[in-house]
Amino acid sequence: MSELFDLDGRVAVVTGGGRGIGRAIAVELANAGAAVVPSARSTDEIEAVAADIEDAGGDALAVPADVTDPDAVRNVIDRAADEFGGVDIVVNNAGFNPDDALGRPEDVETESLDRVLDVNLNGAYEVTHAAADHLLESDGGSVINVASVGGLVGLPRQHPYVASKHGLVGLTKSMSLDWAPEVRVNAVAPGYVSTELTEELEGNEQLRQSIVDRTPLDRFADPEEIAGPVVFLASDAASYVTGSVLAADGGWTAR
Ligand SMILES: NC(=O)c1ccc[n+]([C@@H]2O[C@H](COP(=O)([O-])OP(=O)(O)OC[C@H]3O[C@@H](n4cnc5c(N)ncnc54)[C@H](OP(=O)(O)O)[C@@H]3O)[C@@H](O)[C@H]2O)c1
């Protein structure tokens with residue numbers, strides 16, 4: 001059974017791989033045997049992740065990029081391919097939900113919507129598009145988009161983020177059709193996960209408790225609990241899974 005999850009010989013690019021969910025994904029993909037290229041804007045964070053992977057006996061290369069910069073994204077893919085011989089797995093995890101994009105529609109400027117779409121949706125497309133030739137040449141090509149429960153249902157006061165994540169789910173489904181049977185394209189939809197992104201929210205006791213009360217598993221997730229589903233989707237254990245969205249939300253959307 002463990003062979004099904006073995007990623008030995010595969011090369012994975014993980015955007016937003018410097019901290020939070022992306023860091024956990026990078027580490028667990030490496031634990032499953034993949035060579036991993038963590039990427040993000042903060043060079044120090046991705047270098048620390050790569051060093052941890054190498055210290056544990058794995059292969060890693062940190063390559064910085066802003067996912068909204070096509071040249072930088074192309075460089076990530078080229079460096080990954082030069083160093084490790086190809087790109088088999090792309091995890092589009094980079095994302096944000098800035099304060100100026102939170103609020104009622106009449107209060108959020110179009111620029112804020114554009115910026116969120118640029119990173120969360122267009123950035124994922126940019127990276128996947130840049131890796132297309134490698135993915136299509138691979139024996140185990142797999143794209144995993146880190147969406148959100150906000151890609152499955154509406155959330156008040158977060159319409160830019162929700163629009164970006166619904167877009168990512170749409171991208172996942174359509175690209176899975178175009179790239180089958182060569183490349184599988186799936187998404188995970190995390191619920192509330194303890195990271196820098198949710199720090200402020202978790203710090204507000206009333207809000208935190210209302211989220212926990214609405215979550216059947218009764219707590220926020222640890223980032224590692226999102227990495228498991230990603231490793232599954234990247235592996236041969238998911239060889240008949242494409243175009244799907246795996247909710248890793250503690251039962252939040254089952255309610
Ligand atoms: N935490 C949650 O509860 C939760 C729930 C559902 C979905 N998600 C999704 O999970 C993903 C990771 O979230 P997280 O909670 O781990 O957030 P996080 O701790 O803030 O980490 C975000 C990562 O994305 C990178 N990033 C942000 N903007 C970028 C850009 N323009 N170009 C390249 N990299 C960029 C950040 O690095 P730099 O700033 O150095 O670039 C960082 O490595 C996001 O897509 C988020 O929407 C999170």
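The following exercises, each with a worked solution, concern a predicted model.

**Exercise 1. The sheet**

Determine the order in which the six strands are arranged in the open sheet, and state whether the pairing is parallel or antiparallel.

Solution.
Step 1. Strands of a sheet pair through backbone hydrogen bonds, in either a parallel or an antiparallel sense.
Step 2. Reading across the open sheet, the six strands follow the order 2-1-3-4-5-6, and their pairing is parallel.
Step 3. Strand 2 and strand 6 (245-248) are the edge strands, each of which pairs on one side only.
Step 4. From one strand to the next, the twist averages 15°.

**Exercise 2. Two pairs of neighbouring strands**

Find how many bridges join strand 1 to strand 2 and how many join strand 4 to strand 5, and name a facing residue for Val13 and for Ser142.

Solution.
Step 1. Strand 1 pairs with strand 2 (residues 35-39) in the parallel sense, over five bridges.
Step 2. Within strand 2, Val37 is the bridge partner of Val13.
Step 3. Strand 4 (residues 142-146) and strand 5 (residues 184-190) also run parallel and are joined by five bridges.
Step 4. Opposite Ser142 stands Arg184 of strand 5.

**Exercise 3. Burial of strand 1 and strand 5**

Decide whether the faces of strand 1 are buried or exposed, and do likewise for the faces of strand 5.

Solution.
Step 1. In a regular strand, side chains alternate between the two faces of the sheet, so each face has to be examined separately.
Step 2. A residue counts as buried when its relative accessible area is under 20%.
Step 3. On one side of strand 1 lie Val11, Val13 and Thr15, on the other Ala12 and Val14; all are buried, and both faces are thus covered.
Step 4. Because five of the five residues of strand 1 (residues 11-15) are buried, this strand is largely enclosed by the rest of the structure.
Step 5. For strand 5, one side carries Arg184, Asn186, Val188 and Pro190, and the other carries Val185, Ala187 and Ala189; all of them are buried.
Step 6. Seven of the seven residues of strand 5 are buried, and the strand is mostly covered.

**Exercise 4. Helices lying across the sheet**

Identify the strands across which helix 4 lies and those across which helix 9 lies.

Solution.
Step 1. Helix 4 lies across strand 1, strand 3 (89-92) and strand 4, and runs at about 170° to strand 3.
Step 2. Helix 9 (residues 224-234) lies across strand 3, strand 4, strand 5 and strand 6; its direction is at about 170° to strand 5.

**Exercise 5. Packing of helix 1 on helix 2**

Describe the geometry of the packing of helix 1 and helix 2, and list the residues that make the contact.

Solution.
Step 1. Two packed helices are described by the angle between their axes and the distance between those axes.
Step 2. For helix 1 (residues 20-31) and helix 2 (residues 43-55), the angle is about 25° and the axes are 10 Å apart.
Step 3. Angles under 35 degrees count as roughly parallel, and helix 1 is therefore roughly parallel to helix 2.
Step 4. The crossing of these two helices is right-handed.
Step 5. Helix 1 contributes Arg23, Ala26, Val27 and Ala30 to the contact, and helix 2 contributes Val49, Asp52 and Ile53.
Step 6. By class, the contact residues comprise five nonpolar, no polar and two charged.

**Exercise 6. Packing of helix 4 on helix 6**

Carry out the corresponding analysis for helix 4 and helix 6.

Solution.
Step 1. Helix 4 (residues 110-130) packs with helix 6 (residues 159-179) at an angle of about 20°, their axes being 8 Å apart.
Step 2. Helix 4 is therefore roughly parallel to helix 6.
Step 3. The crossing of helix 4 and helix 6 is right-handed.
Step 4. Residues of helix 4 in the contact include Leu113, Leu117 and Tyr125, and those of helix 6 include Tyr161, Leu168 and Trp179.
Step 5. The residues of this contact divide into 13 nonpolar, four polar and one charged.

**Exercise 7. Backbone features in the loops**

Locate the cis peptide bond, and establish where Arg157 and Asp218 lie.

Solution.
Step 1. The cis peptide bond joins Ala180 and Pro181, with omega about 5°.
Step 2. Pro181 belongs to the loop between helix 6 and strand 5.
Step 3. Arg157, a residue other than glycine, has a positive phi near 65°, and its place is in the loop between strand 4 and helix 6.
Step 4. Arg157 counts as exposed because its relative accessibility is 52%.
Step 5. Asp218 likewise has a positive phi, near 70°, and lies in the loop between helix 8 (205-214) and helix 9.
Step 6. With 54% relative accessibility, Asp218 counts as exposed.

Key:
Residues numbered from 1 in each chain as written. Predicted model: local features only at pLDDT ≥ 70, side-chain atom pairs only at ≥ 80, totals over all residues. Heavy atoms only, no water. Axes fitted to C-alpha atoms, helices over the stretch in contact; angles between N-to-C directions. Helix = DSSP H or I, 4+ residues; strand = E, 2+ residues; numbered from the N terminus. Parallel < 35°, antiparallel > 145°, perpendicular 65-115°, else oblique. Left-handed = near helix turned anticlockwise from the far one by under 90°. Contact = heavy atoms within 4.5 Å. Nonpolar A, V, L, I, M, F, W, Y, C, P; charged D, E, K, R; others polar. Buried < 20%, exposed > 50% of the residue type's maximum accessible area, 1.4 Å probe, protein only. Pairing = 2+ DSSP bridges.
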